[in-house]
Amino acid sequence: MALQNSFVSWFRNSSPYIHAHRNKTFVISFGGEAVLAADFDHHVHDFALLSSLGIRLVLVHGIRPHIDQRLNKLNHPALFHNNLRITDDLALQCAKEAAGLVRVEIEALLSMGLANSPMAGYELKVASGNFVTAKPMGVIDGIDYCHTGEVRRVDSAAIHQQLDQNIIVVISPIGYSPSGEIFNLSGEQVATDVAIALNAEKLILLTEKSCSNPSNGEPIRQMTTTEAHALLQQHPDISELIHLPIKAAIQGCQAGISRVHLIDRTQDGALLLELFTRDGIGTLISCTPFEELRTATLNDIGGILELIKPLEQQGILAKRSREKIEMEISDYIVIERDGLIIGCTALHANPQEQFGAIACLAVHPDYRGGSRGQRLFDHACLTAKKLKLNVLFVLSTQTTHWFIERGFILSDINSLPEPLKKLYNPQRNSKILRRAVE
Ligand SMILES: CC(C)(COP(=O)(O)OP(=O)(O)OC[C@H]1O[C@@H](n2cnc3c(N)ncnc32)[C@H](O)[C@@H]1OP(=O)(O)O)[C@@H](O)C(=O)NCCC(=O)NCCS
């Protein structure tokens with residue numbers, strides 16, 4: 001029974017994320033190390049699951065260890081400068097072989113539809129191609145990087161065409177120049193440029209290490225790009241395994257990707273935990289703060305309804321239709337956290353008669369007790385003041401004390417202005433509270 005309950009609760013809790021992610025474009029990058037790991041099939045099955053949930057998926061893989069292994073077999077040194085490979089003729093040959101091999105392995109795993117595989121019965125289509133045009137890195141500090149290149153252009157229209165047909169796009173860190181030359185590229189760089197070109201909602205970098213604060217070892221759950229930049233400045237010796245993904249994340253965010261996630265791929269199921277649970281498991285990097293209070297828009301109505309429906313069913317909030325919220329949407333403010341609406345309230349103001357009513361105040365149960373209710377209330381009070389209202393009313397069945405603790409006093413129906421009196425529902429028998437606007 002306990003197992004059943006935890007399953008039901010897990011499934012219910014993940015459903016808002018399933019809705020939020022559907023039809024969104026995610027670019028996921030992972031190194032060649034992930035491909036070589038024994039649990040790589042788990043990752044690929046998770047990718048397939050994301051696609052089956054309607055996420056438009058682009059996978060960008062790395063090949064660094066594969067190239068090293070090949071060069072090693074040939075007794076040829078792997079050459080690097082500033083952590084960037086110098087791709088000589090032999091290294092390019094190895095890169096071409098490795099890219100082909102890894103792509104085929106990924107395609108094979110994504111094609112698994114066997115009865116005993118996690119994606120039984122679900123047929124996935126995969127596409128790869130010449131989506132990335134590259135140019136040579138050239139000579140830097142006197143070092144000729146030979147066939148190491150950088151992204152020049154991404155054919156976003158061609159990738160979108162595939163995604164529109166529910167096809168997963170697999171991109172190798174190889175680019176072609178208009179003159180037909182082949183270049184070895186950095187997987188992370190390709191993923192970042194592809195995500196920028198596609199205007200992707202998320203760039204997800206599966207890393208070899210979790211991102212924690214070097215000062216105290218605490219995992220970092222979220223950072224703004226400013227904080228991420230400061231972290232790199234304060235800890236120039238931070239592991240390369242984290243330094244490079246953070247740098248890619250900053251670049252991606254600054255170019256307009258709203259969310260970049262760094263997820264330690266060595267933790268089983270980390271990708272699903274990050275995308276479908278409340279606080280995730282990885283590190284989220286974004287330009288704007290992770291959580292913001294803002295005026296609501298029509299796009300928020302679905303999220304507001306999802307938040308208030310259970311409270312209406314419990315009789316805590318009065319029922320209001322989608323149409324009513326739609327008509328009054330400019331009265332609403334919301335708290336958005338990583339794309340989900342976790343708090344809202346409305347101030348219905350009557351500037352002529354200089355009164356206002358606070359309504360529909362709600363904070364998602366998982367986020368209560370963190371002063372979010374207070375922030376919403378403070379914002380409503382500030383707006384009331386700006387509108388030069390004299391008095392605020394609130395009707396409440398079960399939350400009277402919350403308002404009394406914030407300066408409201410119990411009142412009766414005669415204190416309500418006519419327009420509010422007309423709306424009063426005696427069946428709900430709500431308590432009437434009032435407070436002067438200060
Ligand atoms: C009321 C509500 C918006 C507060 O949100 P929040 O983000 O938890 O608010 P804050 O963190 O600013 O305040 C938390 C405090 O309110 C108290 N509180 C929560 N619900 C309360 C209630 N019904 N009556 C009295 N106090 C309440 C908490 O105990 C806590 O106080 P404490 O830390 O001293 O124990 C939230 O509990 C909620 O959504 N409730 C259901 C909807 C509702 O009642 N809306 C009001 C309709 S009129």
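This passage describes the internal cavity, an annotated segment and the ligand contacts of a predicted model.

Empty space inside the protein was examined first. Rolling a probe the size of a water molecule over the atoms shows where such space is left. A search of the whole structure returned one cavity of 30 Å³ or more. The volume of the largest cavity is about 170 Å³. Its lining consists of 20 residues. Closest to the cavity centre are Glu274, Arg278, Asp279, Phe290 and Asp338. By residue class, the lining holds seven nonpolar, six polar and seven charged residues.

The lining was then traced to elements and domains. Helix α1 (2–21) supplies at least two lining residues. Helix α10 (270–276) and strand β19 (340–350) each supply at least two as well. Both domains take part in the lining of the largest cavity. Domain 1 (2–290) contributes at least three residues, and domain 2 (292–436) also contributes at least three.

One segment carries a database annotation. An unreviewed UniProt entry places the feature "domain: N-acetyltransferase" at residues 291–426. Over this stretch the chain is 33% helix and 29% strand. The C-alpha atoms at the two ends of residues 291–426 are 38 Å apart.

The surroundings of the ligand were examined next. There are 21 residues around the ligand. Leu361, Val363, Gly369, Ser371 and Thr399 come nearest. Polar contacts to the ligand involve both backbone and side-chain atoms. At Gly373, a polar backbone atom is 2.8 Å from an oxygen atom of the ligand. At Gln398, a backbone N or O atom lies 3.0 Å from a ligand nitrogen atom. Thr399 uses its side chain: an N or O atom there is 2.5 Å from an oxygen atom of the ligand. Thr399 is also one of the residues that come nearest to the ligand.

Note on methods:
Residues are numbered from 1 along each chain as its sequence is written. This is a predicted model: local features need pLDDT of at least 70, side-chain atom pairs count only at pLDDT 80 or more; totals for chains, interfaces and linings use all residues. Side-chain values use heavy atoms; hydrogens and water are left out. On a 1 Å grid over the protein atoms alone, a cavity is a set of points where a 1.4 Å probe fits but cannot get out, and a pocket is an open set with protein on both sides within 12 Å along at least five of seven lines; lining residues have an atom within 4 Å of a point. Grid points are joined across faces, edges and corners, and a volume is the space filled by probe spheres set on the points. Helices (H or I, at least four residues) and strands (E, at least two) are DSSP runs, numbered from the N terminus. Ala, Val, Leu, Ile, Met, Phe, Trp, Tyr, Cys and Pro count as nonpolar, Asp, Glu, Lys and Arg as charged, and the others, Gly among them, as polar. Domain bounds come from an automatic or database domain assignment. UniProt positions are given in the numbering used here, feature names are shortened, and annotations may be inferred rather than shown by experiment. A residue is near a molecule or strand if one of its heavy atoms lies within 4 Å of it. A polar contact is a pair of N or O atoms within 3.5 Å; within protein, one must be able to donate a hydrogen and the other to accept it, and residues adjacent in sequence count only if both atoms are side-chain atoms.
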